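User: Please take a close look at one part of this model, the packing of a helix pair, and then connect that part to what surrounds it. I would like a single continuous account rather than a list.

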Amino acid sequence: MQDTLNALLAKAPAELAALNSRAEFEAAKARYVGPNGEFTALMKQLGTVPKEQRPVMGKLINEAKGQLQAQLDATLQRIADAEIAAQLGPAVDPTLPSPDAGPGTYHPLTLVREEMCRILRKAGFTVVEGPEVETEYYCFDALNTPADHPARDAQDTFYFPETARFGNVSKKVENERYLLRTHTSSVQIRTMLKGQPPIRIVSPGRVYRRDTTDATHSANFHQLECLYVDKNVTVRDLKALLDYIFGSLLGKDTITRFRPHYFGYTEPSFEVDLSAKHLPKVNKEWIEIGGCGMVDPAVFEAVGYDPNVWSGYAFGMGLERLAMLVYGIDDIRYFYQNDVRFLRQFS
Ligand code: DAH
């Protein structure tokens, strides 16, 4: 019996060292100390050992059991460590010098957003931000966009399941749904509900639409929204501000034009085109850049402003489109690929 015990202890280290997975480990463990294991069998034999030898053999078996258990524990630890190491991949030496040493650069969208905000601050506008998770009320209803308007369709808008809860985004109507805002115009409503005119705000931020992705569309893009509410605001003020900001951003040779359009939240409404032939890669006479108009009385009523007292203009535009113009970029997807060769060109 002692020989069997010694043989078992002699072969165990090499056998355990060859195990490489938890499954192999569990099988080996069962072979040694499981109900039908070799070691368990030895323990059972103890009863057949003559009485006077039993204390000695019992001691030997107990020692062997301790050794075996320690070897099993160490093996399991080794396998677990190897699993984690495999998940982590090759070791990283954080002391190696970075190939991209330096403070980095700003993303072109950040640069254009900051430049627009700077220009608008000079014109008296305050930068405000609104939530990207919105509700139907702020994104559509209060903006005079009826329930059957195509923009509200689930094909165009990302809606959250009815069970979703966002404690930090206030609902206005009890049973309305949460959604990802399709435009920054929702910030107009949040701002007007918070205070009284005069109001002069600019709100840049991310917006989401279920657009198909091609060279000019992405399901997630950025807009910049402006709202001005005061007494006696006219279309001339709107046109003058747009001329001023585009002239400042893109150069004095930039010309804007309005084309009549429809938006539920403005009346009259226009689409804004730019002519900027002096810019790189611009080979069209007119480039559509955003929408605008005079705030619709229905919107003022929704936020409790008297439309007979207050007037205002609003506009919204895509930041990607602007950045493409400023830097001569011809594919919107460059903005999202985080290719350092692209990003390094902007500072
Ligand atoms: N929300 C519009 C869009 O996403 C842009 C827009 C049009 C904003 C007219 C406005 C506006 O503030 O008055 O296409």
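**A helix pair and its surroundings**

Analyst: The helices α5 and α8 lie oblique to each other. In this predicted model, their axes are 10 Å apart and form an angle of about 135 degrees. That angle counts as oblique because values over 145 degrees would be needed for a roughly antiparallel pair, while the roughly perpendicular range runs from 65 to 115 degrees. The handedness completes the description of this pair, since α5 passes α8 in a right-handed crossing.

A second helix pair offers a useful comparison. Helix α1, residues 2-17, and helix α3, residues 38-45, have axes that come within 11 Å and cross at roughly 160 degrees. This pair is therefore roughly antiparallel, and α1 passes α3 in a left-handed crossing. As for the wider layout, the protein is divided into domain 1, spanning 2-88, and domain 2, spanning 108-346. The centres of these two domains, taken over C-alpha atoms, are separated by 71 Å.

Returning to α5, this helix also takes part in a pocket. The second largest pocket holds about 360 Å³ of space, and its lining consists of 21 residues, with Arg 113, Pro 204, Gly 205, Arg 206 and His 222 lying nearest its centre. Two or more residues of that lining come from each of α5 (108-122), β4 (199-208) and β5. Of the contributing elements, α5 gives the most, with 6 residues. By class, the lining of this pocket divides into 7 nonpolar, 7 polar and 7 charged residues.

Strand β5, named above as a contributor to the second largest pocket, also supplies at least two residues to the lining of the largest pocket. The largest pocket contains about 1,100 Å³ of space and is lined by 43 residues, among which Arg 209, Phe 221, Gln 223, Phe 263 and Glu 288 lie nearest its centre. Besides β5 (220-230), the elements that each supply at least two lining residues are β6 (255-263), β7 (266-275), β8 (287-295), β9 (311-318) and α10 (319-327). The largest share, 6 residues, comes from β8. Sorted by class, this lining has 14 nonpolar, 20 polar and 9 charged residues.

Some backbone details belong to the elements already named or to the loops that adjoin them. The peptide bond from Pro 197 to Pro 198 is cis, with omega near 0 degrees, and Pro 198 lies in the loop between α7 (186-194) and β4. Another cis peptide bond joins Glu 267 and Pro 268, where omega is about -5 degrees; Pro 268 is found in strand β7, an element that supplies at least two residues to the lining of the largest pocket. Finally, the path from β5 to α8 brings the account back to the helix pair with which it began. Asn 232 is found in the loop between β5 and α8, and its phi is near 55 degrees, a positive value in a residue other than glycine. Beyond that loop comes α8, residues 235-250, whose axis is 10 Å from that of α5.

Note on methods: Residues numbered from 1 in each chain as written. Predicted model: local features only at pLDDT ≥ 70, side-chain atom pairs only at ≥ 80, totals over all residues. Heavy atoms only, no water. 1 Å grid on protein atoms, 1.4 Å probe; cavity = no way out; pocket = protein on both sides within 12 Å on 5 of 7 lines; lining within 4 Å. Points joined across faces, edges and corners; volume = space filled by probe spheres on them. Helix = DSSP H or I, 4+ residues; strand = E, 2+ residues; numbered from the N terminus. Nonpolar A, V, L, I, M, F, W, Y, C, P; charged D, E, K, R; others polar. Domains from an automatic or database assignment. Axes fitted to C-alpha atoms, helices over the stretch in contact; angles between N-to-C directions. Parallel < 35°, antiparallel > 145°, perpendicular 65-115°, else oblique. Left-handed = near helix turned anticlockwise from the far one by under 90°.
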